[in-house]
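Notebook open, viewer open. I want to go through side-chain contacts and burial, and jot down what turns up.

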Amino acid sequence: MLTDLQATCWDRNMADSLSIAQSVLPHLLEHVARGPQWIRSYGFYAERIGMKAEQGGLAIGMAMHTIGAACVLAKVPVIPIHYVERADGEWRGIFESEYAEKCYVLSHWNLLATSSRVHVYTEANLGSVAKALNTVIPAHLQSLSTPKQLWRFLIYNESSPGVTWLHRALPAYEASIELARTRKNAP
C-alpha cells in the first residue's frame with residue numbers, strides 16, 4: 001500500500017514532474033560531464049533541489065523518467081539509466097510497472113543500459129537533452145498528464161512514417177556502443 005506521500009508523488013502531473021526535472025537537470029548534467037563514475041542516488045538529486053532525500057526520491061524518480069524521455073527525443077543515450085541509482089543499490093524496476101513500457105522499452109534494456117554506460121556525452125548531447133526538456137516537451141507534449149504518458153507517446157507515436165520516436169533513437173544507441181568498441185580496440 002502506498003503512503004500518502006508516495007500516492008501524491010505517483011499522482012504528480014506532467015507539469016510537476018517537468019518542473020522538478022528542469023530543476024534537477026543541471027545537477028545531473030554536471031555529474032554526467034564528469035564521467036561515468038559519477039553515479040548518484042535519487043536522494044542526492046532531491047537534496048540538490050531542496051527536497052529531503054528520504055521524501056524526495058520518488059518525485060525525483062518521476063523527474064528522471066521525464067529526463068529519460070527527453071533523452072529519447074534528443075536521440076541521446078538515456079542518461080538516468082546509468083547515472084542515477086537507488087541509495088541501497090537495488091534494482092529500480094524501471095519500465096516494469098506500466099504495460100507499454102514493460103513490453104516495448106524493457107525489451108531494449110541491454111541496449112539502453114549499455115549505451116548509457118559507454119557513451120561519451122558531449123556538450124552538444126547534453127544541450128540537446130536540455131532543449132528537449134526545456135523547450136520541446138513544454139511546447140508540444142505537456143498536455144500529456146504524466147511521465148508514463150510521455151513514454152507511451154514515444155512508444156506508440158511515429159516520428160516519421162513507420163518509425164516510432166523510441167525506434168528512431170535506437171540506432172543512435174547502437175552507434176554509440178559501436179563507437180565505444182572501436183575506441184576500446186584502437187591501438
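**Starting from a tyrosine**

I looked up Y99 to begin with: its relative accessibility is 60%, so I put it down as exposed. Y99 belongs to helix α6. Worth writing at the top of the page: this is a predicted model.

Next I asked which residues join Y99 in a nonpolar surface patch. The partners are Y104 and Y156, and the three together have about 370 Å² of accessible area. I checked the two partners separately. Y104 has a relative accessible area of 37%, so I list it as partly exposed. Y156 comes out at 45%, so partly exposed goes next to that name too. The cut-off for exposed is over 50%, and Y99 at 60% clears it.

**Helix α9**

How many residues of α9 are buried? Seven of the ten, so I noted the helix, residues 147–156, as mostly covered. The buried set is P147, K148, L150, W151, F153, L154 and I155. There is a lysine in that list, K148, and I came back to it further down.

I also glanced at what comes before the helix. S145 sits in the loop between α8 (123–141) and α9. S145 is partly exposed, at 34% relative accessible area. I tried a C-alpha distance from S145 to S97 and got 17 Å, for two residues 48 apart along the chain.

**Aromatic pairs**

I then went for the rings. A pair of aromatic rings is described by the distance of the centres and the angle of the planes, so those are the two values I wrote down. The count for this model is seven aromatic pairs.

One of them is F95 with W151, at 4.9 Å centre to centre and with 65° between the planes, which is edge-to-face. Where do the two partners of this pair lie? F95 is in the loop between β2 (84–85) and α6 (99–104), while W151 is in helix α9, so the pair links distant parts of the chain, 56 residues apart. Both F95 and W151 are buried.

A second entry is Y104 with Y156, also edge-to-face, with centres 5.7 Å apart and planes at 70°. This pair again links distant parts of the chain: Y104 is in helix α6 and Y156 in helix α9, 52 residues apart. Buried or partly exposed, for Y104? Partly exposed, as the 37% above says. Y156 at 45% is partly exposed as well, whereas F95 and W151 are buried.

I followed the ring pairs outward from W151 and found a cluster of W91, F95, W109 and W151.

**Back to the lysine**

K148 is in helix α9. K148 has 16% relative accessibility, so I count it as buried, given that the limit is under 20%. What does its side chain touch? I found a polar contact with the side chain of S97 at 3.0 Å. I also found a salt bridge between K148 and E101, 3.9 Å from N to O. The 4 Å limit for a salt bridge is worth keeping in mind for that one. K148 is in helix α9 and E101 in helix α6, so this salt bridge ties together parts 47 residues apart in sequence. E101 is buried, as is K148.

**The other salt bridges I checked**

The total is four salt bridges, and I looked at two more of them. E30 bridges to R34, with the closest N and O atoms 3.1 Å apart. Why are E30 and R34 about one helical turn apart? Because they are four residues apart in helix α2 (residues 14–34). E30 is partly exposed at 36%, and R34 is partly exposed at 39%.

R181 and E178 form another, with closest N and O atoms 3.1 Å apart. These two are three residues apart in helix α10 (residues 165–185), which means a separation of about one helical turn. R181 is partly exposed at 46% and E178 is partly exposed at 41%.

**Charges over rings**

Last lookup of the session. R34, the salt-bridge partner of E30, also lies over the face of W38, 4.3 Å from the ring centre. R40 lies over the face of F44, at 5.7 Å from the ring centre.

Note on methods: Residues numbered from 1 in each chain as written. Predicted model: local features only at pLDDT ≥ 70, side-chain atom pairs only at ≥ 80, totals over all residues. Heavy atoms only, no water. Buried < 20%, exposed > 50% of the residue type's maximum accessible area, 1.4 Å probe, protein only. Phe/Tyr/Trp six-rings, centres within 6.5 Å; stacked < 30°, edge-to-face > 60°. Lys NZ or Arg CZ within 6 Å of the ring centre and 35° of its normal. Patch = residues over 30% accessible without salt bridge, like charges linked within 9 Å, V, L, I, M, F, W, Y side chains within 5 Å. Areas by Shrake-Rupley, 256 points an atom, 1.4 Å probe, with all protein chains shown as cover. Salt bridge = Lys/Arg side-chain N within 4 Å of Asp/Glu carboxyl O. Polar contact = N/O pair within 3.5 Å; in protein donor to acceptor, adjacent residues only side chain to side chain.
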